[in-house]
Amino acid sequence: MMAELMGAVAFLTRLPVPVPVQVQGRALPLYRLCAWFPAAGLVVGAVAGGGYWLASWAGLPPAAAAWVAVMVEMLATGAMHPDGLADVADGLGGTTPARRLEIMKDSRIGSYGGVALLLTLGGRGILLAALPPEQALADLLLAHAVCRWTPVWTLARYPYARPGGGTGAAFAAAGWREVWWAGATALAAAWLLAGLPGLAAAVAAGVVGGMATAYLARKLGGVTGDVCGAVTEISLLAALAALAVRLPW
C-alpha cells in the first residue's frame, strides 16, 4: 500500500518522491496507483495550501494569495491536468472522434485550449479568493482530494479510446477496487475536513465531473489520459464553487 501511495504521488506531481518499480520482486501494476489518487491530491492540496498560507502570512490580500497557491500547484504538478484540459478543448474542434484524437496528440496549444486554460485557471483563482482565508488550507486539501476520484471512475467505467495506447493506457485496467478505495478516501477527507459542506463539495465534484466524462467519452469514443486531466480540472472547479457557496450549515 505504501508503494502504491508513493507511486501515485510520484506520477501526479514533480515532488522528489522515490518511485517504487517493484514490490516483493514483482512489477508494480500502474493501474493500482489509481486507488491512491485522492490521497496524492491531499499532498498537492497541502503544497498549494502552504503557498496560500505563506502569502497570507507575508501580508498579501486573498486574491494575491490565491494566485500564489495556483502558481505553487502548477510548479508542484508540472501543470499535468491543465495540459490535458487544453488538449481536450482543442480536440473538440474536430469533426469526428478520430480527428479529435489526432488533434489532441499535437503538443501545441490552440485557441480553444488557450481559452479553456484562461477560464479554468482564472476561475480557480477567483473561487479561492472568495473562500474565507482561515478555511483556505482545509478547502484546498479537500478540493484536491475529491477532484481526483473522478478520473479513477473515468478509467474504470469507459473504454480507452486510443487502440495504440497512450499515457493513460497503463491505467486503463483500473477496476472497482480502485474506484471504491479512492471514493472512500475522498469522502473521508471531505467529511473530516469540512463536514456537510465538504460532502456537498465531493458530490458536486463527482456529478459535474461525471457529466463531463460522459460528454467527452461520447465525443471521442472513449477516454484518454488527457480526458482524465480535463475532468480532474472540471471537478476541482465544481468542488471549489460548492465550497464558496454561503449556506447556513
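I will talk you through the aromatic rings of this structure, which is a predicted model.

To begin with the vocabulary, a pair of aromatic rings is described by the distance of the centres and the angle of the planes. In this model the count comes to five aromatic pairs, and one of them is formed by Trp-53 and Trp-57, whose ring centres are 6.5 Å apart and whose planes meet at 15°, so this pair is stacked, the limit for that label being under 30 degrees. Both residues belong to helix 2, which covers residues 37–57, and because they are four residues apart there, about one helical turn separates Trp-53 from Trp-57. Are these two residues buried or exposed? Trp-53 is exposed, at a relative accessible area of 52%, and Trp-57 also counts as exposed, with 65% relative accessibility.

Let me turn now to Trp-153 and Trp-176, an aromatic pair that is tilted, with 5.6 Å from centre to centre and 55° between the planes. Here the pair links distant parts of the chain, since Trp-153 lies in helix 8 (residues 150–157) while Trp-176 lies in helix 9 (residues 176–194), and the two are 23 residues apart. As for accessibility, Trp-153 is partly exposed, with a relative accessible area of 24%, and Trp-176 is likewise partly exposed, with a value of 46%. Which residues make up the aromatic cluster that includes this pair? Trp-149, Trp-153 and Trp-176 form that one cluster.

Finally, there is a contact between a charge and a ring, in which the charged end of Arg-157 sits over the ring of Tyr-158, at 4.9 Å from the centre of that ring.

Conventions:
Residues numbered from 1 in each chain as written. Predicted model: local features only at pLDDT ≥ 70, side-chain atom pairs only at ≥ 80, totals over all residues. Heavy atoms only, no water. Phe/Tyr/Trp six-rings, centres within 6.5 Å; stacked < 30°, edge-to-face > 60°. Buried < 20%, exposed > 50% of the residue type's maximum accessible area, 1.4 Å probe, protein only. Lys NZ or Arg CZ within 6 Å of the ring centre and 35° of its normal.
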